[in-house]
Amino acid sequence: MKRAGLALTLFVFAFLSVSGAHAQAKSSLVGVWKITEVVGPNPIEKPQPSIYIFTAKHYSIMSVSGAASRKTDVNDRSSDSEKLAAWTPFTAHSGTYDSSGNEITLRQIVAKNPSVMLPGNFVTFEVTMASDRVMRLRQKANQQGPITAPFTAIFERLE
């Protein structure tokens, strides 16, 4: 009987330890972040503005892709090519995410690009917390399979 009690105690302790580690990993992601660098196939040392917001279950991303600034004087009188040049590098999507170990999987609910919102679409990242203020997200997979030439985005916590 004592062995059964000890085994149950060890099981409960192990379960709580794993659950606590999972909750801690997820809670360390919660906050507001900005990209400070992108490394990989197309590195960017000084990325354009971005904001990534993670709550306990949801996320929201807005960012300007690439290193070049967008034209700021685009208006109703601008040509279609000028409007497209300003709109194309802008990324915006929000949805839910799941975490497991050191991975998160984003599932988009709403996005600038309608094809991103298709049912079944997702993207998985490996998360590395360098510190409480620095995070790395490395692409792993999406609905089409493993990413063959992944990038890693390095983030700074804003709050």
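Reading along the sequence, you meet the pattern α-β-β-β-α-β-β-β-β-β-β. That gives the chain two helices and nine strands. What you are looking at is a predicted model, so it helps to begin with how confident the predictor is. The mean pLDDT of the chain is 86, and 83% of its residues reach 70 or more.

One stretch calls for some care. Over residues 1-24, pLDDT stays under 50, and the model has three contacts there beyond four places in sequence. Where pLDDT is low, the predicted coordinates should not be read in detail.

Now take the chain as a whole. It has 159 residues, and 30% of them count as buried. About 10,300 Å² of the chain is exposed, with carbon and sulfur atoms supplying 60% of that area. If you consider contacts between residues at least 6 apart in sequence, 41% of them join residues at least 24 apart.

Next comes the empty space. Rolling a probe the size of a water molecule over the atoms shows where empty space is left. How much space lies in the largest pocket? The answer is about 920 Å³. The pocket is lined by 45 residues, and those nearest its centre are Ser65, Thr91, His93, Gln139 and Phe151. By class, the lining has 27 nonpolar, 17 polar and one charged residues.

Which strands build this lining, with at least two residues from each? They are S1 (31-39), S2 (50-54), S3 (58-64), S4 (90-100), S5 (103-111), S6 (123-129), S7 (134-142) and S9 (152-157). The largest share, four residues, comes from S4.

With the pocket in view, let us visit a few single residues. Start with Ser63, which sits in strand S3. Is Ser63 buried or exposed? Its relative accessibility is 8%, so Ser63 counts as buried, the cut-off for that being under 20%. Leaving out residues up to four places away in sequence, Ser63 touches Pro49, Ser50, Tyr52, Pro89, Phe90 and Thr91. Thr91 is a residue you have already met, as one of those nearest the centre of the largest pocket.

Move on to Gln108, in strand S5. Gln108 is also buried, because its relative accessible area is 14%. Beyond its neighbours up to four places away in sequence, Gln108 touches Tyr59, His93, Ser94, Gly95, Val116, Asn121, Phe122 and Val123. Among these, His93 belongs to the residues nearest the pocket centre.

Lys140 offers another setting. This residue is found in strand S7, and with a relative accessible area of 31% it is partly exposed. That label fits because partly exposed covers values between the 20% limit for buried and the 50% limit for exposed. Setting aside neighbours within four places in sequence, Lys140 is in contact with Glu103, Thr124, Phe125, Glu126, Pro146 and Ile147. Lys140 and Thr105 are 35 residues apart along the chain, while their C-alpha atoms are separated by 9.5 Å.

The last stop is Asn113, which lies in the loop between S5 and S6. A relative accessible area of 37% makes Asn113 partly exposed. Where does Asn113 stand with respect to Phe90? The two are 23 residues apart in sequence and 9.8 Å apart in space, C-alpha to C-alpha. Phe90 may sound familiar, since it is among the residues that Ser63 touches.

Methods. Residues are numbered from 1 along each chain as its sequence is written. This is a predicted model: local features need pLDDT of at least 70, side-chain atom pairs count only at pLDDT 80 or more; totals for chains, interfaces and linings use all residues. Side-chain values use heavy atoms; hydrogens and water are left out. On a 1 Å grid over the protein atoms alone, a cavity is a set of points where a 1.4 Å probe fits but cannot get out, and a pocket is an open set with protein on both sides within 12 Å along at least five of seven lines; lining residues have an atom within 4 Å of a point. Grid points are joined across faces, edges and corners, and a volume is the space filled by probe spheres set on the points. Ala, Val, Leu, Ile, Met, Phe, Trp, Tyr, Cys and Pro count as nonpolar, Asp, Glu, Lys and Arg as charged, and the others, Gly among them, as polar. Buried means under 20% relative accessible area, exposed over 50%, partly exposed in between (1.4 Å probe, protein chains only). Contact means heavy atoms within 4.5 Å. Accessible areas come from the Shrake-Rupley method with a 1.4 Å probe; for residues, only the protein chains shown count as cover. pLDDT is the predictor's confidence in each residue, from 0 to 100.
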